[in-house]
Amino acid sequence: MTGAPTPTPAQPHCPITEKIVTRGVIAILRAPTAAHFPAIAETLLNAGIHALEITLTTRGALRCIRDLTAAYGPDALIGAGTVLTGSQAQECADAGAAFVVSPVAAPDVVRTARAAGMAAYPGALTPTEIHAAYRTGAPAVKLFPASAVSPRYLSDLNGPLPGIPLIPTGGISLTDIPEWITAGASAVGLGTPLIGAAAAEGVDGGLADRGRRALAGVCEARTVR
């Protein structure tokens, strides 16, 4: 006889995550420098996307987080990506980040983020990794890289791991968004398919339209789910 499944631990209320889930899109900005990020942020915010992840692999990322947070205040959720250590998480908190995202599950990042009032989204792929990442106290888990699996994989995870909010990221196209949301994704992380070449070359004429299409894909799926 097998015992009942271990229940998913209840997580603290997280208003930041609720706001992200409401619109369902995190825009990921990664480039050699953050020179074009202010213009990208303005364009995406005007298009309706309010959660922006500035990756720490970008030169000037922390200053950009600080400047964007000061410029937009509560109208935007400015976070940091590729956060690997507790000390990096603290630097992000000091810069005013609302959330931090990691490609891996690093408990010290989650602990530091929670102590600073930030949300933390550790990265995981397998059921074991996802369960362990969530048990660190994270309000949601980044399913990464999403390109290695499929929406059906996420749907299958919801059976044995109910109640763990998942944010698939990596290789999701704009046309894929409805399928991922229908499968149970709480939100999606979008890099190049949304940003295009704007992060390195400057805002192009299609950026706002891609932002609106991403949000429309989330709404479309939630309407029929």
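**Exercise 1. Sort the residues that line the largest pocket into nonpolar, polar and charged, then find the elements they come from.**

Solution. Start with the classes: the lining of the largest pocket holds 10 nonpolar, eight polar and three charged residues. Keep in mind that this is a predicted model.

Next, look at the lining as a whole. It has 21 residues, and those that lie nearest the centre of the pocket are Ile28, Arg30, Leu190, Gly191 and Thr192. Two or more lining residues come from each of strand 1 (25-29), strand 9 (188-190), helix 9 (192-195) and helix 10 (198-201). Helix 9 gives the most, with three residues.

Finish with the volume: the space in the largest pocket is about 300 Å³.

**Exercise 2. Turn to enclosed space: how many cavities of 30 Å³ or more are there, and which residues line the largest cavity?**

Solution. The count comes to one cavity of 30 Å³ or more. For the largest cavity, the volume is about 50 Å³.

Now walk around its wall. You will meet Ile26, Ile28, Glu53, Val101, Lys142, Ile167, Thr169 and Gly189. Split by class, this lining has four nonpolar, two polar and two charged residues.

Compare with Exercise 1: Ile28 is in the lining of the largest cavity, and Ile28 is also among the residues nearest the centre of the largest pocket.

**Exercise 3. Judge whether the chain is as compact as a globular protein of its length, or not.**

Solution. First take stock of the elements: there are 11 helices and nine strands in the chain. The globule rule gives 17 Å for 225 residues, and the chain's radius of gyration is 17 Å, so the chain is as compact as a globular protein of that length.

Then add the dimensions. The C-alpha trace spans about 60 × 40 × 30 Å along its principal axes. Of the 225 residues, 49% are buried.

Contacts and surface complete the picture. Of the contacts between residues at least 6 apart in sequence, 61% join residues at least 24 apart. The accessible surface is about 10000 Å², with 55% of it belonging to carbon and sulfur atoms.

**Exercise 4. Inspect the backbone at proline 145 and at threonine 82.**

Solution. Begin at proline 145, in the loop between strand 7 (141-143) and helix 7 (151-157). The peptide bond leading to proline 145 from phenylalanine 144 is cis, and its omega is near -5°.

Move on to threonine 82, in the loop between strand 3 (77-81) and helix 4 (86-94). Its phi is near 55°, a positive value in a residue other than glycine.

Is threonine 82 buried or exposed? Its relative accessibility is 18%, and buried means under 20%, so threonine 82 counts as buried.

Definitions and conventions:
Residues numbered from 1 in each chain as written. Predicted model: local features only at pLDDT ≥ 70, side-chain atom pairs only at ≥ 80, totals over all residues. Heavy atoms only, no water. 1 Å grid on protein atoms, 1.4 Å probe; cavity = no way out; pocket = protein on both sides within 12 Å on 5 of 7 lines; lining within 4 Å. Points joined across faces, edges and corners; volume = space filled by probe spheres on them. Helix = DSSP H or I, 4+ residues; strand = E, 2+ residues; numbered from the N terminus. Nonpolar A, V, L, I, M, F, W, Y, C, P; charged D, E, K, R; others polar. Rg over C-alpha atoms; globule rule 2.2 N^0.38 Å. Buried < 20%, exposed > 50% of the residue type's maximum accessible area, 1.4 Å probe, protein only. Contact = heavy atoms within 4.5 Å. Areas by Shrake-Rupley, 256 points an atom, 1.4 Å probe, with all protein chains shown as cover.
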